[in-house]
Amino acid sequence: MTAVDERGVTRFFEGFEPPEGLKVELLRGVVVMMASPDIVHNMIVADVQDQIPRQRWDRLQTQDVDIVGEASEPIPDLIVLERGVVPASGNLVPSQLITLAVEVVSKSSVHHDYLVKRSIYAAGKVPAYLLVDPIMAQCVLLTKPAGQGEDADYLSQEIIKFGNPVPLEVLGLELDTSEFGTFPNVKPHRYP
């Protein structure tokens with residue numbers, strides 16, 4: 001049983017319907033509401049998904065993730081799992097089944113995507129975490145999760161500018177980033 005279940009938060013979310021246009025996540029015990037994503041964001045998610053062969057991988061968008069021992073139920077923009085390991089039903093996918101988690105950074109999600117979710121996915125032992133950042137026109141590939149709880153992190157980090165391929169060794173492919181869009185008129189941030 002996860003810490004989330006012990007506090008009954010999962011039961012709360014089962015009946016909770018966020019207002020239209022909002023996405024709601026639980027990150028380390030904090031409820032985070034975000035506005036619907038930009039078209040640039042959604043096009044990147046679709047482009048990434050289209051490059052991952054469905055014959056070998058299941059690709060799920062905005063699926064709740066269960067991380068044992070964490071008061072968190074993040075909802076990555078995309079998760080990739082070996083074909084056939086996805087539970088038959090339910091809203092939670094155990095993190096240990098996930099091969100790759102993908103987050104497309106938005107103006108309001110920079111801190112959560114680069115810091116909070118980085119630690120959460122590492123604690124969940126997700127082998128690879130890919131941040132696609134249309135603010136900075138780069139991808140950040142994190143691999144080799146280590147540690148537990150808030151001290152968890154990825155030991156390997158590679159930054160790849162848009163236009164260059166991202167080597168996704170965990171999937172056995174290179175991701176073409178040449179058509180990824182960027183957000184116009186957005187102030188750069190200081191992460192990673």
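Which residue in strand 10 is the bridge partner of Cys139? It is Ile160, and this pairing is a handy way into the fold. The model is a predicted one, in which local features need pLDDT of at least 70, side-chain atom pairs count only at pLDDT 80 or more, and totals for chains, interfaces and linings use all residues. Residues are numbered from 1 along each chain as its sequence is written, and side-chain values use heavy atoms, with hydrogens and water left out.

To set the scene, the protein has 4 helices and 12 strands. Helices here are DSSP runs of H or I with at least four residues, strands are runs of E with at least two, and both are numbered from the N terminus. Out of 192 residues, 48% are buried; that word stands for under 20% relative accessible area, with exposed meaning over 50% and partly exposed in between, using a 1.4 Å probe and protein chains only. As for contacts (heavy atoms within 4.5 Å), 58% of those with a separation of 6 or more come from residues 24 or more positions apart.

Back to the opening pair. Strand 9 and strand 10 (residues 153-161) run antiparallel to each other and share 8 bridges, where pairing requires that DSSP finds at least two bridges between two strands. The two strands make a hairpin with 6 residues between them, and Gly147 in the turn has a positive phi of about 90 degrees. Strand 9 covers residues 138-146, and Gln138 is part of it. Gln138 is buried, at a relative accessible area of 5%. Its side chain makes a polar contact with the side chain of Tyr114 at 3.5 Å. Such a contact is a pair of N or O atoms within 3.5 Å; within protein, one must be able to donate a hydrogen and the other to accept it, and residues adjacent in sequence count only if both atoms are side-chain atoms. Setting aside neighbours within four places in sequence, Gln138 also touches Ile159, Ile160, Lys161 and Phe162, among others.

Helix 3 comes next. It has 13 residues and spans 18 Å from its first C-alpha to its last, close to the 18 Å expected at 1.5 Å a residue; the expected span is 1.5 Å times one less than the number of residues. At the N-terminal end, Asp38 acts as a cap, with a side-chain oxygen 2.7 Å from the backbone nitrogen of Val40. The buried residues of this helix are Val40, His41, Ile44, Val45, Asp47, Val48 and Gln49, and their cover includes strand 3 (57-61), strand 5 (78-82), strand 7 (98-104), strand 8 (128-133) and strand 12 (173-175). Take His41, which belongs to helix 3 (residues 39-51). His41 is buried, with a relative accessible area of 6%, and, neighbours within four places in sequence aside, is in contact with Asp77, Val104 and Phe183.

Then there are the charged pairs. Side chains of opposite charge can pair when their charged atoms come close. A salt bridge is counted when a side-chain nitrogen of Lys or Arg is within 4 Å of a carboxyl oxygen of Asp or Glu, and the whole structure has 4 of them. One joins Arg83 to Asp58, with the closest N and O atoms 2.5 Å apart. Arg83 sits in the loop between strand 5 and strand 6 (92-94) while Asp58 is in strand 3, so this pair ties together parts that are 25 residues apart in sequence. Arg83 is partly exposed at 40% relative accessible area, whereas Asp58 is buried at 12%.

Helix 4 (residues 110-123) holds Lys117 and Asp113, 4 residues apart and thus separated by about one helical turn. Their salt bridge has its closest N and O atoms 3.9 Å apart, and both residues are buried. Another salt bridge links Asp153 and Arg118 at 2.5 Å, N to O. Asp153 is in strand 10 and Arg118 in helix 4, so the pair ties together parts 35 residues apart in sequence. Asp153 is partly exposed at 30% relative accessibility, while Arg118 is buried at 15%. Shared partners also join Glu103, Asp113 and Lys117 into one network of salt bridges.

Last comes the largest nonpolar core, which has 50 residues; Leu130, Val132 and Leu168 touch the most other members. A nonpolar core is a set of buried Ala, Val, Leu, Ile, Met, Phe, Trp, Tyr and Cys residues joined through side-chain atoms within 4.5 Å. Helix 4 supplies the largest share of this core, 7 residues.
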